[in-house]
Amino acid sequence: MKVTVAHLYKKLDELDRDVVELKKLTDRLATDREYSPILKETFLSEMAKLEDQKSEILGLRVEKLGSTLKPPKSKPNQEDSKPLERVKEEVTLSLPQEPKKTERPVRKY
């Protein structure tokens, strides 16, 4: 699968933001409610999953498929000007398939 590095940075930012939000929610939970331990456990497990995804992204191997250099068109009057080169890089990454969520029983009170 071809993915650009910019997409990975966006995904990493999204994962970091989600972890921070879950941490805030965990800190704001009322401890005297009967549902609090269940929610806290769920938030912590989701935070662990997000951290695992982050570590998987950071552990990906980056391949440089190719680069193209475009030499500037030389004009007789402007031989002294510095040439500009553009490099286009594509990155190939093998992203792991996300595991399907297992069905968990819904607790009714």
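These legends walk through a predicted model, one close-up at a time.

Residues are numbered from 1 along each chain as its sequence is written. Because the model is predicted, local features need pLDDT of at least 70 and side-chain atom pairs count only at pLDDT 80 or more, while totals for chains, interfaces and linings use all residues; side-chain values use heavy atoms, with hydrogens and water left out.

**View 1. The whole chain has two helices and two strands.**
Reading from the N terminus, the order is α-α-β-β. Helices (H or I, at least four residues) and strands (E, at least two) are DSSP runs, numbered from the N terminus. Of the 109 residues, 16% count as buried; that means under 20% relative accessible area, with exposed being over 50% and partly exposed in between (1.4 Å probe, protein chains only). The protein exposes about 10,200 Å², and carbon and sulfur atoms supply 53% of that area. Accessible areas come from the Shrake-Rupley method with a 1.4 Å probe, and for residues only the protein chains shown count as cover. Among contacts (heavy atoms within 4.5 Å) with a separation of 6 or more, 67% join residues 24 or more positions apart.

**View 2. Here is how confident the predictor is along the chain.**
The score is pLDDT, the predictor's confidence in each residue, from 0 to 100. Its mean for the protein is 75, and 64% of residues reach 70 or more. Among the elements, helix H2 has the highest mean, 94, and strand S2 (residues 91-92) the lowest, 45. Over residues 78-94 the pLDDT is below 50, yet this stretch has 39 contacts in the model beyond near neighbours in sequence. Where pLDDT is low, the predicted coordinates should not be read in detail.

**View 3. Now for helix H1, residues 5-28.**
With 24 residues at 1.5 Å each, H1 should span 34 Å, and its end C-alpha atoms are 35 Å apart, which agrees. The expected span is 1.5 Å times one less than the number of residues. Leu8, Leu12, Leu15, Val19, Leu22 and Thr26 are the buried residues of H1, and they pack against H2.

**View 4. Next comes helix H2, residues 36-58.**
H2 has 23 residues and reaches 33 Å from its first C-alpha to its last, close to the 33 Å expected. Its buried residues are Ser36, Phe43, Met47, Leu50 and Ile57. What covers them includes H1.

**View 5. The largest nonpolar core has 11 residues.**
A nonpolar core is a set of buried Ala, Val, Leu, Ile, Met, Phe, Trp, Tyr and Cys residues joined through side-chain atoms within 4.5 Å. Look for Val3, Leu8, Leu12, Leu15, Val19, Leu22, Leu29, Phe43, Met47, Leu50 and Ile57. H1 and H2 each supply at least two residues of this core, and H1 gives the most, with five.

**View 6. Zoom in on Thr26, in helix H1.**
Thr26 is buried, with a relative accessible area of 10%. Leaving aside neighbours within four places in sequence, Thr26 is in contact with Lys40, Phe43 and Met47.

**View 7. Gln53 sits in helix H2.**
Gln53 counts as partly exposed, at 26% relative accessibility. Not counting residues up to four places away in sequence, Gln53 touches Lys11 and Leu15. The C-alpha atoms of Gln53 and Leu12 are separated by 8.8 Å, although these two residues are 41 apart along the chain.

**View 8. Lys11 and Glu14 form a salt bridge in helix H1.**
The structure holds five salt bridges, each a side-chain nitrogen of Lys or Arg within 4 Å of a carboxyl oxygen of Asp or Glu. For Lys11 and Glu14 the N to O distance is 3.6 Å. The two residues are three apart, about one turn of the helix. Lys11 is partly exposed at 30%, and Glu14 is partly exposed at 32%.

**View 9. Glu46 and Lys49 form a salt bridge in helix H2.**
Their closest N and O atoms are 3.4 Å apart. Being three residues apart, Glu46 and Lys49 are separated by about one helical turn. Glu46 is partly exposed, with a relative accessible area of 30%, and Lys49 is partly exposed too, at 44%.

**View 10. Arg33 forms a salt bridge with Asp32.**
The closest N and O atoms of this pair are 3.9 Å apart. Arg33 is partly exposed at 46%, whereas Asp32 is exposed at 63%.
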